[in-house]
Amino acid sequence: MRIFSGIQPTGRKHLGNYIGAITQYVEAQERGDAVLCIVDLHAITVPHDPAELRERLYDTTAILLAAGLEPARCVLFRQSDVVEHSELTWLLSSVTAYGDLTRMHQFKDKAAAQRELVSAGLFFYPVLQAADVLAYRAQEVPVGEDQRQHVELMRDIATRFNARYGDTLVVPAHRIPPVGARIMDLQHPERKMSTTGGSEEGTIYVLDEPSAIEHKFRRAVTDSGSEIARAPEKPGVSNLLEILAAVRAVAPADLEAQLHGMGYGELKAGVARAVIAHLAPVRERYERLRGDEPALERTLADGAQRARAIASDTVADVRERMGVGAPRRSRPLP
Ligand code: AQP
């Protein structure tokens, strides 16, 4: 089975990214043929500093390797190194409904947050994301809950393409983890933990020092009452339970039973300890890997070469089906 996902090189990776996505990428290496992409072309749809983008890309590469991605067991690459993503975006735009793009929650949220320019790139972001996945004919896309709508859109795009031009693209399915698909901000537990929209105090970064993690959990907002249970009126406690369940790989319901009678302060301290222990080895490996940019560059270049071999094949089939370019007679269509 082919598994594909992408992650942005913007900002610092947080616990939501780690639990909702990165952990799934690492597991994907066990379950199938994992292709993971650091999406720098997505990152330029909002204002950015060019030099910083390159730095953040290396940071993200090192975090992914430190988390357990092994270049020998997966394809790890930088999106802009495989130009087929850009071409496929344009080809697929003709089977993408304009009305669907106007309904994307992420576009609405991010457009509202822009102070100057709302770029056409931001609007087109989900088409590029569809091209990322469809280029690899991936069956599965591990993502957090916030990406559900984008995966639905890419399914529609693939289905429409196949209906119009004949069976060419694989219609992918999302894989949203049962626990930890939407980690919330510790200060505003009604909002998701986020790179751009969250609070600094409420966001745990993968590379935070243990003392910072401890401090942020100590200050986490909890709810009225004293019961440790998940409930809509207890978003703070629910989030802490979800985080603890995800890092300990246990069911939240089992935790509720185990922690019955414990106070909120004790809960927060326990979650902090578990998260610190979970992230400490990642931080240590990151420090070693991040210093060697030439090695990171070699890993990405090798990944891009392997990625291109797959993506160029799909783009050639899409062009042929659509009647774009010179006819190709050497290889029959699938
Ligand atoms: N709070 C979250 N809980 C669980 N999963 C999450 N993801 C993001 N936030 C949470 C998942 O992380 C993956 C990679 O995300 P990304 O870095 O490409 O950016 P994003 O989805 O736009 O989320 P961010 O990091 O919070 O950035 P902004 O602030 O720009 O929206 C995705 O699979 C995502 O679902």
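**Exercise 1.** By class, how many nonpolar, polar and charged residues does the shell around the ligand have?

*Solution.* The structure is a predicted model. Sort the shell residues by class: six are nonpolar, 12 are polar and five are charged. The shell comprises 23 residues, and those that come nearest to the ligand are Lys110, Asp146, Ser194, Thr195 and Thr196.

**Exercise 2.** State which helix gives the largest share of the shell around the ligand.

*Solution.* Look at helix H1, which spans residues 15–31. Helix H1 supplies four residues of the shell, the largest share.

**Exercise 3.** Find polar atoms of the protein that lie 3.0 Å, 2.8 Å and 2.9 Å from atoms of the ligand, then give the share of the ligand's area that is covered.

*Solution.* Step 1: begin with the side chain of asparagine 17, where an N or O atom is 3.0 Å from an oxygen atom of the ligand. Step 2: turn to the backbone. A polar backbone atom of isoleucine 183 lies 2.8 Å from a nitrogen atom of the ligand. For methionine 193, a polar backbone atom is 2.9 Å from a ligand nitrogen atom. Step 3: take the area. On its own, the ligand has 640 Å² of accessible area, and the protein covers 96% of this.

**Exercise 4.** Describe how H6 packs with H7, and how H7 packs with H8.

*Solution.* Step 1: helix H6 (residues 105–113) and H7 have axes 9 Å apart and an angle of about 160°. Angles over 145 degrees count as roughly antiparallel, so H6 is roughly antiparallel to H7. Their crossing is right-handed.

Step 2: helix H7 (residues 120–134) packs with helix H8 (residues 148–165) at about 70°, with the axes 9 Å apart. The range from 65 to 115 degrees counts as roughly perpendicular, so H7 is roughly perpendicular to H8. The crossing of H7 and H8 is right-handed.

**Exercise 5.** Is H3 oblique or parallel to H12?

*Solution.* Step 1: helix H3 (residues 50–67) and helix H12 (residues 264–290) pack at an angle of about 130°, and their axes are 8 Å apart. Step 2: this angle makes H3 oblique to H12. Step 3: for the handedness, H3 passes H12 in a right-handed crossing.

Notes
Residues numbered from 1 in each chain as written. Predicted model: local features only at pLDDT ≥ 70, side-chain atom pairs only at ≥ 80, totals over all residues. Heavy atoms only, no water. Near = heavy atom within 4 Å. Polar contact = N/O pair within 3.5 Å; in protein donor to acceptor, adjacent residues only side chain to side chain. Areas by Shrake-Rupley, 256 points an atom, 1.4 Å probe, with all protein chains shown as cover. Helix = DSSP H or I, 4+ residues; strand = E, 2+ residues; numbered from the N terminus. Nonpolar A, V, L, I, M, F, W, Y, C, P; charged D, E, K, R; others polar. Axes fitted to C-alpha atoms, helices over the stretch in contact; angles between N-to-C directions. Parallel < 35°, antiparallel > 145°, perpendicular 65-115°, else oblique. Left-handed = near helix turned anticlockwise from the far one by under 90°.
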